[in-house]
Amino acid sequence: MSKSNGSPSGNDKGDVASIVASNNDLPTTSVEQGETGSSIASKPSSSSAVQLKSEKTDLPQFERGIVDGLVSKFGNSIKIIYIKPLRIKIEVPPKDIVEVASHIRDESGFDHAESVSATDYPKTGDIEVIYHLGSYTRENLSSHILALSTRTDRDNARLPSLIKVFKSVEYHERESFEMVGVYFDNHPRNDRFLLPEDWADIPPLRKEFRIKGR
Amino acid sequence: MSDQEERISETTRLGLEIVKEAEEDRLMTLSVGPQHPGSGHFRFTVKVDGDYIVDCDPDPGYVHRGEEKMCEYRNFIQNIPHLERPVIHDSSNITYSYSLAVEELVKIDVPRRAQFIRAIASELNRQVYTLYWLAIYGIFLGHSTMFMWPTGDRELLIDLLEALTGARVTHAYNIPGGVRNDIPYGFKDRCLRQVSYFEGRLKEYEDIFYNNPLLRQRTEGVAVLTKEDAIKLGVTGSVLRASGVPYDIRKAEPYDIYDEIDFNVQYMKTCDSFARAYVPLLDMRESCHIIRQLLDKMPESGEVRAKLQPNPKGPPGEAYRRVESGRGALGYYIVSDGTPRPYRVKISVGSFRNLLALPHLLVGSKLGDMPSVYWSLNYWPVEADR
């Protein structure tokens, strides 16, 4: 929780041309905002979580607010990839990811990871790891997914693990290690999980791995 | 002086190691599986100290098929049949969120009637899955009536789905753009009749199984997963709702026409194995309620399938969509590079997420509680391995 961020950031970024990042002007999805908002409000909230007052907020505005909070804290080390209704994607450099994730958990209210996936981009020579974070505790965030992504060099794929922040990433990160070959520092087991014990090939979700006969 | 101190500390260290070894010797390692501990090949090793489990290490992957890799070789439509193989009993739901994600990428508008029909198919399928799960839970606890009854009642629902889709288990019915074919003549009445019958049966299940002292003693207060731990571990579906979190994707992020349907999220606050066994029954009851509304509100006529290009493709982009399956949230993360084939597909399945709770709950439990704890997690090995 040190405050020494922001100043050294943004140096190693900017040279990565991503397939997805170049398309952040995609038209937004056809998810109905008013419908979703009202259905959350009409939820049988027998639990004590009725403290939210702003259930009828304009949602793209709401999502922008989440991102603005992050940007004001971390400055230009956060790159906004897109803000769609119910979906936000940001990209941060690997050295800041643990700090940003802790902030997202403690301040923004996203408390668990639904999915962690790694995607191989041989054309730009890097691997993108993306954490889809959701929230069980905050009712106004229950329909939102914050996608926290980071990129690493595909020849030396190494990233800090988020297991200290989100316990729920444990098996997902382990799967990413064996399927795409990203080594997660501080993860207790970068180890075989789904593949056979005698697997002696490259990680199968790398693009140069071909299914036999295809 | 210092030499002596060194020797003393060395002796202490050796002594401690011997004690540790002796403690290790007390433990016995047992391998559970991989020959179908429930359904689907799955193995986990437990270390026991007498009657108590002190360590658990899951080892999935015996039914890993490489679904995510296979997706990269086929176009968006060709992916449907193989994607439902991980969980054939719930095949309408596992293709549902895939269809939603593809529709977002390719920008397809689904006809309103199709939205109702695929919601009906997925509700029926969720019940088929839950009955199968319940049957195995019964046989796990030595209650063979509870194996026979759900297996028999499941046939009725499977007959309904067969009339609807043409196949008993692997339907390939929910596709991007709608459903494959319209409902057959007389389906609505038949569905209402069987759902009514089925609701009566749920009452009988409760009498013979859930109020059975045998089940109660073996599950009540066993393996408590607190609300805080459930959120921290990121579990989903009935496991989460049994821990007191009323979270259901159909309510949290309504897809298709679920925002027009009136239903309650069923949850319990006791957090034990019994709650995890009981929430699926409550879900089935709620599902009957939903099916009635869907049949009632469904438009009488109309398109059931949007017109698609032969090789549908959209602009480069990505989508993450999820539905509520029998085992909880089922999400698809699809990256498209503008070609008719997906660039990357990641399937985030409920079983894989609930697996994290297995070591958490088993450590400290008695070995005799292992079957009831393991199967209460609503874990489907084939789906987790993908």
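The following exchange looks at chain B of a predicted model and at the side of chain B that touches chain A.

Biologist: What makes up the secondary structure of chain B, and what does the C-alpha trace of chain B span along its principal axes?

Modeller: Chain B comes to 16 helices and eight strands, and its C-alpha trace spans about 95 × 55 × 35 Å along the principal axes. Of the 386 residues of chain B, 52% count as buried, a class that requires 20 or more other C-beta atoms within 10 Å of the residue's own.

Biologist: Why is helix 4 of chain B called oblique to helix 5 of chain B?

Modeller: Helix 4 (residues 91-106) and helix 5 (residues 112-140) of chain B pack at an angle of about 135°, and their axes are 7 Å apart. Angles over 145 degrees count as roughly antiparallel and those of 65 to 115 as roughly perpendicular; the value of about 135° belongs to neither class, and therefore helix 4 of chain B is oblique to helix 5 of chain B.

Biologist: Which residues make that contact, and how do they divide by class?

Modeller: Helix 4 of chain B contributes Ser91(B), Ser92(B), Asn93(B) and Tyr96(B), while helix 5 of chain B contributes Arg118(B), Ala121(B), Ser122(B), Asn125(B) and Arg126(B). By class, the residues of this contact are two nonpolar, five polar and two charged.

Biologist: What makes strand 6 and strand 8 of chain B the edge strands of their sheet?

Modeller: Three strands of chain B form an open sheet in the order 6-7-8, with antiparallel pairing, and strand 6 and strand 8 are edge strands in that each pairs on one side only. From one strand to the next, the twist averages 15°.

Biologist: How do you know that strand 7 and strand 8 of chain B pair?

Modeller: Pairing requires at least two bridges between the strands, and strand 7 and strand 8 of chain B have six bridges in the antiparallel sense, so they count as paired. Among the bridge partners, Val345(B) in strand 8 of chain B is matched with Ile334(B).

Biologist: Where does the largest share of the side of chain B that touches chain A come from?

Modeller: In the contact between the chains, 39 residues of chain B meet 38 residues of chain A. The elements of chain B giving two or more residues to this side include helix 2 (67-71), helix 9 (227-233) and strand 6 (317-325), but the largest share, four residues, comes from strand 7 of chain B. By class, this side of chain B has 19 nonpolar, eight polar and 12 charged residues.

Key. Residues are numbered from 1 along each chain as its sequence is written. Chains are lettered from A and ligands numbered from 1 in the order in which they are written. This is a predicted model: local features need pLDDT of at least 70, side-chain atom pairs count only at pLDDT 80 or more; totals for chains, interfaces and linings use all residues. A residue is buried if 20 or more other C-beta atoms lie within 10 Å of its own, exposed if 12 or fewer, and partly exposed in between; C-beta atoms are placed from the backbone. Two residues are in contact if their C-beta atoms, placed from the backbone, lie within 7 Å. Ala, Val, Leu, Ile, Met, Phe, Trp, Tyr, Cys and Pro count as nonpolar, Asp, Glu, Lys and Arg as charged, and the others, Gly among them, as polar. Axes are lines fitted to C-alpha atoms, for helices over the stretch in contact, and angles run from 0 to 180 degrees between N-to-C directions. Angles under 35 degrees count as roughly parallel, over 145 as roughly antiparallel, 65 to 115 as roughly perpendicular and the rest as oblique.
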